[in-house]
Amino acid sequence: MTQRGERRWYVVQTYSGYENRVKADLEQRIATMGMKEGIFNVLVPIEDRVVVKDGKSRKVTRKLYPSYVLVEMILDEQSWHVVRHTPGVTGFVGAGTHPIPLSEDEVTRLMSILEKDRPKVEIALKPGDTVTVKSGPMAGQTGPVVEINSEKGKVKFTVNILGRETVTEADYRLLEKIC
């Protein structure tokens, strides 16, 4: 185990689908066993996405790392025992029985992903699919998808304007996939 005083993030493996249950159980064990000075945060990393299917969008929440929970703690025998013996926990990620903490770069990258306000858009289109414009000045135009920008919710596709192939961009909500 590491020396007392090193506050680090560790990855804990859980049974599939038990992430939130493990988080709640671990938080309860921390409170009842007086471990607030050794175990600080328990996190199930999630992200919001907007899924577009059949022209309808809906917001869904997904776990970034299914079957894993992140725990910020000072690793010693007592904190290791509390986490390791929480129902639903199968073990720490590491070499053998020695948990390996996340690096500062990994923690920084993960926290920046979790702090983003805008949900990612998951568009049920791929390059090569044929789409038609449902409304707006280009209503009725059809063409193949060239590129998808999920972060902006935009789709580039090719249409025929005055006999010339032209690449244009539209919001995903204005487009409908043609089978």
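In this predicted model, a convenient place to enter is Y18, which is partly exposed, since its relative accessible area is 41%. Y15 is likewise partly exposed, with a relative accessible area of 48%. The two tyrosines belong to the aromatic pairs of the structure, of which the count comes to two. The ring centres of Y15 and Y18 lie 5.9 Å apart and their planes meet at 75°, so this pair is edge-to-face.

The other aromatic pair joins Y10 and F92, whose ring centres are 6.3 Å apart with the planes at 90°, so it too is edge-to-face. This pair links distant parts of the chain, for Y10 belongs to strand β1 and F92 to strand β6, 82 residues apart. Y10 has a relative accessible area of 0% and is therefore buried, and F92, at 13% relative accessibility, counts as buried as well, because the limit for that word is 20%.

From F92 the reader can move to the nonpolar interior. In soluble globular proteins, nonpolar side chains tend to be buried together. Here the largest nonpolar core has 18 residues, and those with the most contacts inside it are L26, I39, V71, M73, V83 and F92. Several elements each supply at least two residues of this core, namely β1 (7-14), α1 (19-32), β2 (39-43), β5, α2 (77-84) and β6 (89-92). Apart from this core lies another, of 13 residues, which includes V52, V131, V159 and Y172.

M73 gives a closer view of the surroundings within the largest core. Leaving out residues up to four places away in sequence, M73 touches E6, R7, R8, Y10, G38, I39, F40, S79, W80, V83 and F92. Both members of the Y10 and F92 pair are thus among the residues that M73 touches. Two further residues that M73 touches, R7 and F40, are also related to each other, since R7 lies over the face of F40 at 3.7 Å from the ring centre.

The helix α1 deserves a paragraph of its own. With 14 residues at 1.5 Å a residue, α1 should span 20 Å, and its end C-alpha atoms are indeed 20 Å apart, which agrees. Within α1, the buried residues are E19, V22, D25, L26, R29 and I30. These buried residues cover an arc of only 140° around the axis, which puts them on the same side of α1. An α-helix has 3.6 residues a turn, so residues three or four places apart point the same way. On the other side of α1, R21, Q28 and T32 are exposed. The cover over the buried residues of α1 includes β1, β2, β4, β5, α2 and β6.

The second helix, α2, can be read in a similar manner. Its buried residues are S79, W80, V82 and V83. Around the axis they cover an arc of only 165°, which puts them on the same side of α2. Among the elements that cover these buried residues are β1, α1, β2, β5, β6 and β8 (98-99).

What follows α1 along the chain is G34, a residue whose phi is positive, near 65°. M35 lies in the loop between α1 and β2, and at 5% relative accessibility M35 counts as buried. Leaving aside neighbours within four places in sequence, M35 is in contact with I30, Q78, S79 and V82. I30 is one of the buried residues of α1, while S79 and V82 are among those of α2. M35 and R173, by contrast, are 49 Å apart in space, C-alpha to C-alpha, and 138 residues apart in sequence.

Two other loops hold a residue with a positive phi that is not a glycine. S67, in the loop between β4 (56-63) and β5 (68-74), has a phi near 75°, and at 14% relative accessibility S67 counts as buried. L162, in the loop between β12 (154-161) and β13 (164-171), has a positive phi of about 55°, but L162 counts as exposed, at 85% relative accessibility.

Key
Residues are numbered from 1 along each chain as its sequence is written. This is a predicted model: local features need pLDDT of at least 70, side-chain atom pairs count only at pLDDT 80 or more; totals for chains, interfaces and linings use all residues. Side-chain values use heavy atoms; hydrogens and water are left out. Helices (H or I, at least four residues) and strands (E, at least two) are DSSP runs, numbered from the N terminus. Buried means under 20% relative accessible area, exposed over 50%, partly exposed in between (1.4 Å probe, protein chains only). A nonpolar core is a set of buried Ala, Val, Leu, Ile, Met, Phe, Trp, Tyr and Cys residues joined through side-chain atoms within 4.5 Å. Contact means heavy atoms within 4.5 Å. Rings of Phe, Tyr and Trp (its six-membered ring) pair if their centres lie within 6.5 Å; planes under 30 degrees apart count as stacked, over 60 as edge-to-face and the rest as tilted. A charge sits over a ring if NZ of Lys or CZ of Arg is within 6 Å of the ring centre and within 35 degrees of the ring normal. The expected span of a helix is 1.5 Å times one less than its number of residues. The arc is that of the directions from the helix axis to the C-beta atoms.
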